[in-house]
Amino acid sequence: MLLIHVVVAILLTAGMFFMFIGAIGLLRFPDFYTRLHATGKCDTLGEGLIIVGLIIYHLFHYPRTPLVAVKLLLLIIFIFIANPTAIHAIVKAAYRRGLKPWKWGEERR
Amino acid sequence: MISMFLVFGLLNVVTILLCLYRAVVGPGVFNRVAAVNVVGTKTVVLLVIMGFYFERPHFFDIPLLYAMLNFIGTLVFAKYLERGELCS
Amino acid sequence: MNRGEKGFGIVVTFCTTFLFWLILSGFFDAFHLIMGGICSAIVTFISHGLLVKGKGKKMLPKSLRFLLYIPWELWQIVLANVDVAYRVLHPKMPIDPLIIEFETSLRGDFAFVTLANSITLTPGTITIFVEPEKGKFWVHALAKEHAQAHLVDKTMQRKVADVFMEW
């Protein structure tokens with residue numbers, strides 16, 4: 001295993017850890033708004049880390065086709081812009097429809 | 001190294017199955033729409049990892065396209081739920 | 001929009017779509033370049049008024065400052081995501097959600113989008129509603145420390161106002 005493989009493995013593990021945090025947050029939190037806090041952001045960061053690791057792997061093993069790395073970089077930029085916007089759109093729709101936020105001490109919904 | 005991608009792909013499938021619980025149970029429609037959006041994002045990651053596992057560099061148009069479709073689908077749902085109609 | 005601004009919009013849209021064609025296809029011979037040019041021309045003819053609205057003043061220093069703003073924000077995202085991970089995994093789950101509202105001095109469209117995206121990406125806060133006339137933001141915060149960072153410290157608002165020069 002070369003040094004690049006160790007770096008890629010560390011990045012992939014960190015990204016996968018944040019994806020698990022996102023899924024566990026979706027199950028554990030008591031309210032709709034707090035669930036979106038956990039998933040919308042940890043998901044985006046985890047995905048960014050995983051794809052950065054895969055870009056490094058690709059540039060190391062296939063140095064003749066750098067355009068694939070550019071395509072994956074475009075994917076990262078698109079996800080960083082699009083995911084928060086989708087989360088904001090659905091939170092705004094829920095707020096307009098009257099979904100009340102959860103305060104400390106109430107029961108789960 | 002390539003076989004490690006298979007392990008990460010399986011871990012991703014486990015997270016997708018964890019999210020499906022909220023899609024089935026979640027009280028109300030907003031929880032379900034949020035869960036479907038999250039499953040779509042995790043699917044994009046799964047597709048990229050599998051593209052590297054099967055060693056196909058021309059495959060990465062498909063995750064890019066599916067990320068866009070997922071985004072637009074969530075926006076359309078949010079607009080319909082907010083206003084009650086799509087075109088006004 | 002007068003003709004100068006319309007021309008600017010057409011040129012920017014054509015260049016952007018042609019650039020995406022070149023990056024995503026990978027072929028650089030004459031046939032594919034001409035096909036790309038024709039497709040970009042059709043797309044530009046249909047939708048040149050959508051993305052670019054007018055020229056705006058002082059675009060070049062704003063773009064450079066925006067590129068310098070991105071690494072600071074990425075570091076904030078990583079730090080705050082570790083904080084949310086701690087809150088998710090803790091057995092008692094120390095969260096205390098509240099909704100806050102504050103005014104900023106930003107007025108432009110792109111500045112609102114940047115600040116709303118940054119607030120939603122940094123964990124602990126989600127933008128609920130934006131009012132464009134007075135620059136008001138309604139934000140749902142996960143705990144009191146995250147709310148303090150936006151109400152009292154105001155670091156993020158000052159940084160975005162520095163980028164777009166809209167104090």
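**Reading helix packing, a core and an interface**

Lys71(A), Leu74(A), Leu75(A), Phe78(A), Ile79(A), Ala82(A), Ala86(A), Ala89(A), Ile90(A), Lys92(A), Ala93(A) and Arg96(A) of H3(A) meet Pro63(B), Leu64(B), Ala67(B), Phe71(B), Thr74(B), Leu75(B), Ala78(B), Leu81(B) and Glu82(B) of H3(B). By class, the residues of this contact are 16 nonpolar, 1 polar and 4 charged. Please keep in mind that this is a predicted model.

User: How do I read a pair like that? At what angle do helix H3 of chain A and helix H3 of chain B pack?

Analyst: Two packed helices are described by the angle between their axes and the distance between the axes. Here, H3 of chain A (residues 67-96) and H3 of chain B (residues 61-83) pack at about 10 degrees, and their axes are 9 Å apart. Angles under 35 degrees count as roughly parallel, so H3(A) and H3(B) are roughly parallel to each other. The crossing of H3(A) past H3(B) is left-handed.

User: Next, the core. Which residues have the most contacts inside the largest nonpolar core?

Analyst: In soluble globular proteins, nonpolar side chains tend to be buried together. In this model, the largest nonpolar core has 73 residues, and Ile90(A), Val91(A) and Val48(B) have the most contacts inside it. Helix H2 of chain A (residues 32-61) gives the most to this core, with 12 residues. Leaving aside residues up to four places away in sequence, Val48(B) touches Ile51(A), Leu54(A), Phe60(B) and Pro63(B).

User: And how many residues of chain C are in contact with chain A?

Analyst: 25 residues of chain C contact 28 residues of chain A. On the chain C side, H3(C) provides the largest share, 6 residues. That side has 18 nonpolar, 6 polar and 1 charged residues.

Note on methods
Residues are numbered from 1 along each chain as its sequence is written. Chains are lettered from A and ligands numbered from 1 in the order in which they are written. This is a predicted model: local features need pLDDT of at least 70, side-chain atom pairs count only at pLDDT 80 or more; totals for chains, interfaces and linings use all residues. A nonpolar core is a set of buried Ala, Val, Leu, Ile, Met, Phe, Trp, Tyr and Cys residues joined through C-beta atoms within 7 Å. A residue is buried if 20 or more other C-beta atoms lie within 10 Å of its own, exposed if 12 or fewer, and partly exposed in between; C-beta atoms are placed from the backbone. Helices (H or I, at least four residues) and strands (E, at least two) are DSSP runs, numbered from the N terminus. Two residues are in contact if their C-beta atoms, placed from the backbone, lie within 7 Å. Ala, Val, Leu, Ile, Met, Phe, Trp, Tyr, Cys and Pro count as nonpolar, Asp, Glu, Lys and Arg as charged, and the others, Gly among them, as polar. Axes are lines fitted to C-alpha atoms, for helices over the stretch in contact, and angles run from 0 to 180 degrees between N-to-C directions. Angles under 35 degrees count as roughly parallel, over 145 as roughly antiparallel, 65 to 115 as roughly perpendicular and the rest as oblique. A crossing is left-handed if the near helix is turned anticlockwise from the far one by less than a right angle, and right-handed if clockwise.
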